[in-house]
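Reader: I would like to go through this structure term by term, asking in each case what justifies the word that is used. Could you begin once it is in view?

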Amino acid sequence: MKGFVRETGRVAAMPGANIDTDVIMPKAFLKGIDRSGLAVGLFHDLRFDETGAVRSDFILNRPDMADARFLLVGPNFGCGSSREHAVWGMLQYGIRGIIGSSYGAIFADNAANNGLLLLSLPVAEVAALAAQLKGGAGDMTIDLEAQRIETGAQIAGFDIDPATRRALMLGLDRIGETLTHADRIRAFEEAYLARKPWLMDAGSDERLS
Amino acid sequence: MSAPKTLYDKIVDEHRILSFDESGGAGERLLLYIDRTVLNEYTSPQAFSGLRAAGRTPWRPAASLGVVDHVNSTNPDREAGQLDDGARRQIEYLGENGRDFGIEIFDLFDPRQGIEHVVMPELGLVLPGMVIAAGDSHSTTYGAFGVVGFGIGTSDIEHLLATQTLVYRRLKTMRITVDGTLAPGVTAKDLIMEVIRRIGADGAAGHAVEFAGDAIAALGVEARMTICNMAVECGARVALMAPDDKVAAYIEGCPRAPSAGLFARARIEWDALRSDPGARFDKELSLSAGDIPPMVSWGTSPDQSLAITGRVPDPDDLPPERRADAVRAMAYMGLAPNMALQEIAIDRAFIGSCTNARLSDLRDAAEILRGRKVAPGVRAMISPGSSHVRSLAEAEGIDRVFVEAGFEWRRSGCSLCLAMNDDSLAPGERCASSTNRNFEGRQGIGGRTHLMSPAMVAAAAVTGRLADVRTLAAAEPAR
């Protein structure tokens with residue numbers, strides 16, 4: 001996982017509420033067994049029409065958004081299906097961070113596990129940023145170390161959960177981290193299953209047919 | 001005496017291996033033991049590839065079950081069902097992963113195959129007090145058994161397989177109390193759609209929602225599963241109900257349920273699985289069941305729903321922050337402001353999905369269909385929630401009711417709920433659907449979905465438009 005410390009780039013505004021992961025990564029792109037080839041799937045049905053032609057009115061298709069690095073989004077972004085392909089597609093397309101007021105919970109966990117930064121700001125601050133960007137201040141720097149957003153002349157701070165911040169900055173292998181506690185897990189499991197023997201693994205049974 | 005606790009906190013505390021911050025409150029970061037998971041063919045492949053790449057093996061393979069449900073065809077002739085190359089590869093890879101890592105897999109031809117959230121409970125693998133995380137957002141379904149169930153992405157599936165744990169953040173709690181009695185023709189689906197309409201698509205975000213009240217207690221276990229299943233559509237990460245005698249009776253005798261002696265011991269613990277009197281919730285909401293009408297969605301988010309007797313809203317009457325989304329949804333759905341919902345004609349009708357394709361759902365729909373015919377021009381399909389549900393329905397003759405009414409009696413799978421198989425809507429086609437999501441493009445690019453209960457889908461199928469099931473239930477069908 002690539003770490004996130006400080007990134008600068010273009011920001012695209014997509015202010016609608018409840019933009020779900022079906023829209024972020026349509027089902028046609030979910031048939032792989034690896035993580036590759038998902039950049040083309042990102043917002044596919046918004047970026048392209050039924051004939052495959054580019055929809056010029058979609059924000060990411062605007063010439064000045066060719067290398068968008070951040071999205072400014074509406075509430076409950078990434079709700080719906082658990083498909084992590086939505087996050088993989090974002091990163092493969094080049095999106096490094098999202099600024100919004102709230103996110104689908106599974107999407108947020110997926111983002112944290114892959115190094116995609118999600119910032120949660122109060123609705124009014126998201127609106128203020130959107131208003132600023134309309135004025136042409138299209139570039140933004142997000143400094144995760146200093147916990148601040150820089151847009152042109154303005155600098156604003158943000159809060160972020162310290163554990164998520166650390167994992168993002170270091171690009172940590174979370175499984176490796178957890179396995180450092182393997183002895184604790186094993187001891188817990190043994191005591192837990194002894195206390196609740198009905199939870200022991202059920203054997204195969206063919207009564208259902 | 002310790003402070004009163006919520007059911008959610010009791011279950012989390014039982015599964016806490018260690019706490020990274022020892023805060024104990026909402027937001028506490030901890031390592032959580034996971035009892036079971038169920039894997040499907042489309043969110044698990046990259047997790048297994050990750051294990052292989054890192055040279056890791058599953059911590060406790062017998063705590064996992066794999067099922068094929070999302071990409072398979074529901075063609076009644078399984079051998080003839082269309083599978084594209086990607087789907088075929090995903091199904092093969094799930095089988096290969098099961099063999100290589102010692103995980104039991106129900107493939108397409110297994111008599112126990114079906115949708116993961118239908119299969120797990122019917123086997124007796126879902127037991128009160130468990131924590132079950134799985135790579136599907138509707139894992140909240142298990143809450144009907146007093147289980148902390150939640151959806152995870154593929155990286156967390158890999159983490160769970162490798163460690164039998166997840167790094168977890170304790171949620172805030174919310175209680176939704178529903179008292180009174182549901183009116184005739186009104187179901188659990190209508191109840192949860194009303195909750196979602198009221199609080200919005202993110203109204204329970206960050207919360208574990210406990211459903212309580214005598215209206216919930218009066219429901220059967222399958223109806224409760226419908227509510228917990230769809231709670232994710234108002235942002236709930238976890239939905240919970242205190243287990244009772246009905247839950248125990250549902251589990252008892254299932255193929256994988258604990259044997260009699262252990263079952264009796266388990267019951268003693270299950271009886272304590274309820275929120276203590278005086279337990280504090282971060283949010284509370286109360287509803288009166290008797291006020292809830294049959295519901296349908298008109299828009300492209302599950303909170304864009306109304307009573308079937310209502311009209312498509314006029315965006316000018318909506319709060320400013322909801323206007324732009326409503327205008328966009330209306331354009332996508334091909335609807336005009338103030339249209340009566342019952343004037344909306346449909347092309348397709350679908351009964352299926354992890355929300356509403358259990359035996360009780362099929363019985364509800366069959367009751368409306370008995371002696372009636374699907375309206376001309378409507379293609380109606382039913383895909384039972386599992387192969388087991390399908391055979392139970394056949395044993396009691398419900399399949400004949402569907403077939404005689406003009407429904408296609410399909411095989412089991414997620415099918416048209418998310419249309420990863422060959423069952424999708426064509427652009428512009430409008431579907432009355434017992435599923436859970438009306439998102440843009442969900443059932444096919446340009447497809448238009450109206451969510452409702454299975455009985456309401458049956459009513460729409462026979463009238464050819466969105467219809468109030470109560471008027472049909474009252475009328476005696478021609479026989």
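Author: A pair in chain B makes a good start, with the caution that the model is a predicted one. The side chains of Asp282(B) and Arg280(B) come together with N and O atoms 3.4 Å apart.

Reader: Why is the pair of Asp282(B) and Arg280(B) called a salt bridge?

Author: The term asks for a side-chain nitrogen of Lys or Arg within 4 Å of a carboxyl oxygen of Asp or Glu. The N to O distance for Asp282(B) and Arg280(B) is 3.4 Å, so the pair meets the cut-off of 4 Å.

Reader: What makes one of these partners exposed and the other partly exposed?

Author: The word exposed is kept for values over 50%, and partly exposed lies between that and the 20% under which a residue is buried. Arg280(B) has a relative accessibility of 61% and therefore counts as exposed, whereas Asp282(B), at 37%, counts as partly exposed. Elsewhere in chain B, salt bridges with shared partners join Lys5(B), Asp9(B), Asp13(B), Arg16(B), Glu28(B) and Arg170(B) into one network.

Reader: How many salt bridges are found over all chains, and which residues pair with Arg6(A) and Glu7(A) in chain A?

Author: The search of the whole structure gives 45 salt bridges over all chains. Arg6(A) meets Glu150(A) at 3.3 Å, N to O, and Glu7(A) meets Arg96(A), where the closest N and O atoms are 3.1 Å apart.

Reader: What makes the pair of Arg6(A) and Glu150(A) a link between distant parts of the chain?

Author: Arg6(A) belongs to strand β1 of chain A and Glu150(A) to strand β6 of chain A, and the two are 144 residues apart. The partners also fall into separate accessibility classes, since Arg6(A) is partly exposed at 43% and Glu150(A) is buried at 14%.

Reader: Why is the pair of Glu7(A) and Arg96(A) said to tie parts together?

Author: Glu7(A) lies in strand β1 of chain A and Arg96(A) in the loop between α3 and β3 of chain A, so their salt bridge ties together parts that are 89 residues apart in sequence. Both Glu7(A) and Arg96(A) are buried.

Reader: Where does Val5(A) lie, and why is Val5(A) called partly exposed?

Author: Val5(A) is in the segment before β1 of chain A. Its relative accessibility is 34%, which is neither under 20% nor over 50%, so partly exposed is the word that applies. Beyond its neighbours within four places in sequence, Val5(A) has contacts that include Ile142(A), Leu144(A) and Met169(A). The C-alpha atoms of Val5(A) and Gln147(A), which are 142 residues apart along the chain, are separated by 9.6 Å.

Reader: What makes α4(A) largely enclosed by the rest of the structure?

Author: Seven of its ten residues are buried, and α4(A) is therefore described as largely enclosed. Among the buried residues are Ile106(A), Phe107(A) and Asn110(A). Gly115(A), with a positive phi near 85 degrees, follows α4(A). In chain A as a whole, 51% of the 209 residues count as buried.

Reader: How do you know that Cys254(B) and Cys414(B) are in no disulfide?

Author: A disulfide requires two cysteine sulfur atoms within 2.5 Å. The sulfur closest to that of Cys254(B) belongs to Cys228(B) and is 17 Å away, which is too far for a bond. For Cys414(B), the nearest cysteine sulfur is that of Cys354(B), at 6.6 Å, so this pair also fails the cut-off of 2.5 Å. The search finds zero disulfides over all chains. Cys254(B) is buried at 12% relative accessible area, and Cys414(B) is buried at 7%.

Reader: What describes the interface between chain A and chain B?

Author: In the interface, 63 residues of chain A are in contact with 83 residues of chain B, and the two chains bury about 6,100 Å² between them, 55% of it on carbon and sulfur atoms. The count of salt bridges between chain A and chain B is nine. Arg169(B) and Asp161(A) form a salt bridge, at 2.6 Å, N to O, a distance that is within 4 Å. There are also 31 residue pairs in polar contact between chain A and chain B. On the side of chain A that touches chain B, α8(A) gives the largest share, nine residues, and the residues of that side divide into 23 nonpolar, 18 polar and 22 charged.

Conventions. Residues numbered from 1 in each chain as written. Chains lettered and ligands numbered in written order. Predicted model: local features only at pLDDT ≥ 70, side-chain atom pairs only at ≥ 80, totals over all residues. Heavy atoms only, no water. Contact = heavy atoms within 4.5 Å. Buried area = accessible area lost by both parts, 1.4 Å probe. Polar contact = N/O pair within 3.5 Å; in protein donor to acceptor, adjacent residues only side chain to side chain. Helix = DSSP H or I, 4+ residues; strand = E, 2+ residues; numbered from the N terminus. Nonpolar A, V, L, I, M, F, W, Y, C, P; charged D, E, K, R; others polar. Buried < 20%, exposed > 50% of the residue type's maximum accessible area, 1.4 Å probe, protein only.
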